[in-house]
Amino acid sequence: MKTAVTRDLAEIRAQIENFLKSAREPALLEPGEDLLPLIGENYALEMRGSRLTLQAWDRTRNWSRRVTAIIESTNARLAMTVEHFARREGQMFLLDLGRRSGAELSKRSGRLVFRERFRLFLRRQFPEWTLAEVSAEADLAHSLSPAFPRAYLKHGQHGWAAIACPPDADASAVLSFGLIWLAYLRVRERRVALEGLALYIPAGRERAAALRVLCLDPQSARFELFTYTDRDVLLRAEPRDYGNLDTRLEPCRRPAPNIAEPWQQIAALPGVERIPKHDGRTSLRVRGIEFAELSGRDLLFGLGERRPARAHHAPEIARLAEELDRARSAGADTAHPLYRQYPEAWLESLARAQIETLDATLRRDPIYGQVPAFVAGERGILDLLAVDHTGRLTVVELKASADPHLPLQALDYWIRVKWHLDAREFSANGYFPGIELRPDAPRLLLVSPSLEFHPTTETILSFFAPGIEVERVGLAVEWRKGLHVMFRLNGAQRPQ
């Protein structure tokens, strides 16, 4: 990297030409503006007397800047000093998006561009309020993400927090960071009454946030939800208009109690678990990893691609199960890929086997996994649905590593379970046979190693509506050797 400032125009021109010639994906970046890819036919570098001018254009823009210096040079970017109108100096960058550092700077630039759009949103909707702060910078100490620009608005002794989801960001994550931001401002701005949180989400992607907002405590804060289009049309969204859930509950069929030969011998191997699925199939697993699936007398096996099994495959399948049992034992090599894979699935295996350790009121059977199903697929956590001895449903959410989104992801599942319970669909579809389910809202049990609950967990839970009964169960760090409860906490209660 060259950091000496270059002011000689001939040398500046040579460096720019060499950079553009060697760059895989050259692009021009001016802070606050959208990135402009350079494709060879949309830019010109010209020397006019004592002025070196770089011009670039596309269908809607035409830039012309006088380059006066190169202040930093790497193989991924050139940082230049340029002259704007009225002899104002500024910075401009040539990037190579084909290199990692160039792509990272491009991403940061995109965030800054959206931050300015967000600033305009707020000025239009809060014209009489002072926009005291707008930021898209990371603040790891307070778990504030650079992916979602945030703002602080002030009017006298009253304030609002605001946060926006860029078009290319994960809309399901914005509310978590918004609640964290609101709580942080309330601690920092003690002389101001922070009334609530305004959320800005791309139109068409606001449903998850709307459903979550309905489950927050209106006494804890006011919540306003807005959508925006690619043309920056802003609309206020009413969360109660999003009552229809994207959820389904498939009919439940219990598998046949007996397994046909020769699969009985495999199911009886050490470490092998027989987990009934709601569609009538039986999953054969070793500490959470499924290696075979049985449907009637037919068996599919394999860790990657599944193959139909015949009787002569039995020794191969047995060796696979035995290898999993060796690799996924508490005393195995912790660097082995099979040991490290799918920690939540391993935790689920232990939770099923030791459900009374997590909560002594829960029945050992039946316990259902991933019911109801999420149409979107993977969520990063595993769900179990159990019932206690009084007939009350309990949603058990399992997470083996720290995740600030655990409370709201768990809330998503709780919302769906309550929806189907209120519609009386569980018993009607064959779930919990012979058990009269109580109409009470389900309980929510968050289970994780005690040191892996994210520091913001209590903050987010403090905004939950009082009617959502949440308990956190913290496990000993060596949970793979067996579940040992280190603490039980209700709601937003903090460890002593």
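Two strands count as paired when DSSP finds at least two bridges between them. Keep that in mind for this tour of a predicted model.

**Stop 1: the six-stranded sheet**

Select strands β8 to β13. These six strands form an open sheet, in the order β8-β9-β10-β11-β12-β13. The pairing in this sheet is mixed. Now look at its edges, where β8 (130–135) and β13 (234–237) stand. Each has a single partner strand, so one side of each is left without a neighbour in the sheet. From one strand to the next, the twist averages 25°.

Zoom in on β8 and β9 (residues 150–155). They pair in the antiparallel sense, over five bridges. Pick out Leu131; it stands opposite Leu153 in β9.

Next, add helix α3, residues 174–188. Which strands does α3 lie across? It lies across β8, β9, β10 (158–164), β11 (193–202) and β12 (222–228). Against β11, α3 runs at about 155°.

**Stop 2: a charge over a ring**

Show the side chains of Arg150 and Trp181. Arg150 lies over the face of Trp181, at 5.4 Å from the ring centre. A second case involves Arg472 and Phe453. Here Arg472 lies over the ring face of Phe453, and the distance to the ring centre is 6.0 Å.

**Stop 3: aromatic rings**

How many aromatic pairs does the structure hold? There are 18. Start with Tyr339 and Trp346. Their ring centres are 5.3 Å apart and their planes stand at 80°, so this pair is edge-to-face. Are these two residues buried or exposed? Tyr339 counts as buried, at 10% relative accessibility. Trp346 is buried too, with a relative accessible area of 1%.

Move to Phe426 and Tyr431. This aromatic pair is also edge-to-face, with 6.0 Å centre to centre and 90° between the planes. Both residues are buried.

Then select Phe114, Phe118, Phe121, Tyr200, Phe226 and Tyr228. Ring pairs link these residues into a cluster.

**Stop 4: helix α8**

Go back to Trp346 and select the helix around it, α8 (residues 343–353). Nine of its 11 residues are buried, so "mostly covered" fits α8 under the cut-off of 20% relative accessible area. Besides Trp346, the buried residues of α8 include Glu344, Glu348 and Arg352. Ala345, Leu347, Ser349, Leu350 and Ala351 are buried as well.

**Stop 5: strand β22 and its partners**

Select β22, residues 382–387. Five of its six residues are buried. Add β20 (residues 368–369), which pairs with β22 in the antiparallel sense over two bridges. Find Tyr368, which stands opposite Leu385 in β22.

Now add β23, residues 393–398. Six bridges join β22 to β23, and these strands run antiparallel. Val387 stands opposite Leu393 in β23. Together β22 and β23 make a hairpin, with five residues between the strands. Stop at Gly391 in this hairpin: its phi is positive, near 95°.

**Stop 6: helix α10**

Finish with α10, residues 406–422. How far apart are its end C-alpha atoms? They are 24 Å apart. That agrees with the expected span of 24 Å, because the helix has 17 residues and the estimate uses 1.5 Å a residue. Of those 17 residues, 14 are buried, and α10 is mostly covered. Last, select Arg424, which follows α10 and has a positive phi near 60°.

Notes
Residues are numbered from 1 along each chain as its sequence is written. This is a predicted model: local features need pLDDT of at least 70, side-chain atom pairs count only at pLDDT 80 or more; totals for chains, interfaces and linings use all residues. Side-chain values use heavy atoms; hydrogens and water are left out. Helices (H or I, at least four residues) and strands (E, at least two) are DSSP runs, numbered from the N terminus. The expected span of a helix is 1.5 Å times one less than its number of residues. Buried means under 20% relative accessible area, exposed over 50%, partly exposed in between (1.4 Å probe, protein chains only). Rings of Phe, Tyr and Trp (its six-membered ring) pair if their centres lie within 6.5 Å; planes under 30 degrees apart count as stacked, over 60 as edge-to-face and the rest as tilted. A charge sits over a ring if NZ of Lys or CZ of Arg is within 6 Å of the ring centre and within 35 degrees of the ring normal. Axes are lines fitted to C-alpha atoms, for helices over the stretch in contact, and angles run from 0 to 180 degrees between N-to-C directions. Contact means heavy atoms within 4.5 Å.
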